[in-house]
Amino acid sequence: MATPDGPDSNPGFDTSQPTIARVYDALLGGKDNFAADREGAALYLKYVPDAGRCAIENREALVKGVHYLVREAGIDQFLDIGSGLPTQKNTHEAAQEINPNARVAYVDNDPIVLAHGRALLATNNSTIVVTADLRDPQSILSNEEVRTHLDFSRPMALMIVGIHMHFHDDEKPDEWVRTIMDTLAPGSYLFITDFVDTGEPLQKGMERAGLESLGNGWIRTPERIEQHFLGMPLVPPGLDFLARWFPEDPDADVPAAEDLEPYQRILMAGLAKKA
Ligand code: SAM
């Protein structure tokens, strides 16, 4: 496989423009990114100096959510859409450290995720990675690999983590998610994190960085984010800032929202259960 910007740098995809997956990788301190992506990440850091810590907290929230789903909810299969490049602890690692038989289908529309994911997962039979687009939910639902790997007659978790912000509301992203959720068995879960807008300048800075670097990355009010859950009841503690969100211990003694660092008030997480 080609090394980003290395001597054999002919990876087979356009490296002249930043992509969401690679900019996020750069913010997380990964190596699967190119000069244009690092420029994109630099824009984030210009407007939100702690943007890298936001990305790390988002990954930590992903692990918290997966641990809850496996340990408390008994979920053993995951459809992780917008999964991103492999990084330190991925969904399958978080799930399989509790249930080694947990199965994960990673879906991303950026071909670099497939390239790097296949290499990483070559020895893990419980995990697949496919290239498909959330904008075309039927293409995911009818994907042979996905259908063979996951059992749609049993509950699973649909993960839409750190991806809604890349869609404008005019695109009606909730309808794509609804199409998938409608096909999942009762007892399935929907796990979401998203950029929030409670009127703070740093939240606006995050949006500005996204729009200038990637052309997307909108912030939304908590009320609007709640609508992503399609009316399904939220698991305690409900929708909250990542640093306050502990689904395995919803009564945890967490800092008041106003005592968090401003960068910790940029992303919120929530989990809902389908009746
Ligand atoms: N879910 C991971 C996490 O939270 O750490 C990665 C989040 S990353 C910010 C967003 C991911 O969504 C990127 O890997 C990007 O390629 C992917 N993505 C963006 N638009 C997508 C689409 N229309 N369909 C599928 N994946 C998409």
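Is aspartate 194 buried or exposed? In this predicted model, aspartate 194 has a relative accessible area of 0% and is therefore buried. Its side chain nevertheless has a charged partner: arginine 220 forms a salt bridge with aspartate 194, with the closest N and O atoms 3.1 Å apart. The two residues belong to distant parts of the chain, since aspartate 194 sits in strand β5 (residues 189–195) and arginine 220 in the loop between α9 (201–213) and α10, 26 residues apart. Arginine 220 is likewise classed as buried, at 4% relative accessibility.

This pair belongs to a wider arrangement, in which Asp169, Asp174, Asp194, Arg220 and Arg224 are linked in a network of salt bridges. Side chains of opposite charge can pair when their charged atoms come close. Within the network, arginine 224 and aspartate 169 meet through their side chains at 2.9 Å, N to O. Because arginine 224 lies in helix α10 and aspartate 169 in the loop between β4 and α8, this pair ties together parts that are 55 residues apart in sequence. Arginine 224 counts as buried at 17% relative accessibility, whereas aspartate 169 is partly exposed, with a relative accessible area of 29%.

The structure as a whole contains 17 salt bridges. One of them joins lysine 89 to glutamate 97, whose closest N and O atoms are 2.9 Å apart. Lysine 89 is partly exposed, having a relative accessible area of 32%, and glutamate 97 is also partly exposed, at 44% relative accessibility.

Threonine 91 lies in helix α4, which spans residues 91–96. With a relative accessibility of 1%, threonine 91 counts as buried. Apart from its neighbours within four places in sequence, threonine 91 is in contact with Leu62, Val66, Phe78, Asp80, Val104, Tyr106 and Met159.

Several loop residues merit attention for their backbone geometry. Lysine 172, in the loop between β4 (157–161) and α8 (173–183), has a phi near 55 degrees, a positive value in a residue other than glycine. At 54% relative accessibility, lysine 172 is exposed. Leucine 230, in the loop between α10 and β6, also has a positive phi, near 60 degrees, and is not a glycine. Leucine 230 counts as buried, because its relative accessibility of 18% falls under the 20% limit. The loop between α10 (222–227) and β6 (240–241) also holds proline 237, and the peptide bond leading from proline 236 to proline 237 is cis, with omega near 10 degrees.

Conventions:
Residues are numbered from 1 along each chain as its sequence is written. This is a predicted model: local features need pLDDT of at least 70, side-chain atom pairs count only at pLDDT 80 or more; totals for chains, interfaces and linings use all residues. Side-chain values use heavy atoms; hydrogens and water are left out. Helices (H or I, at least four residues) and strands (E, at least two) are DSSP runs, numbered from the N terminus. Buried means under 20% relative accessible area, exposed over 50%, partly exposed in between (1.4 Å probe, protein chains only). Contact means heavy atoms within 4.5 Å. A salt bridge is a side-chain nitrogen of Lys or Arg within 4 Å of a carboxyl oxygen of Asp or Glu.
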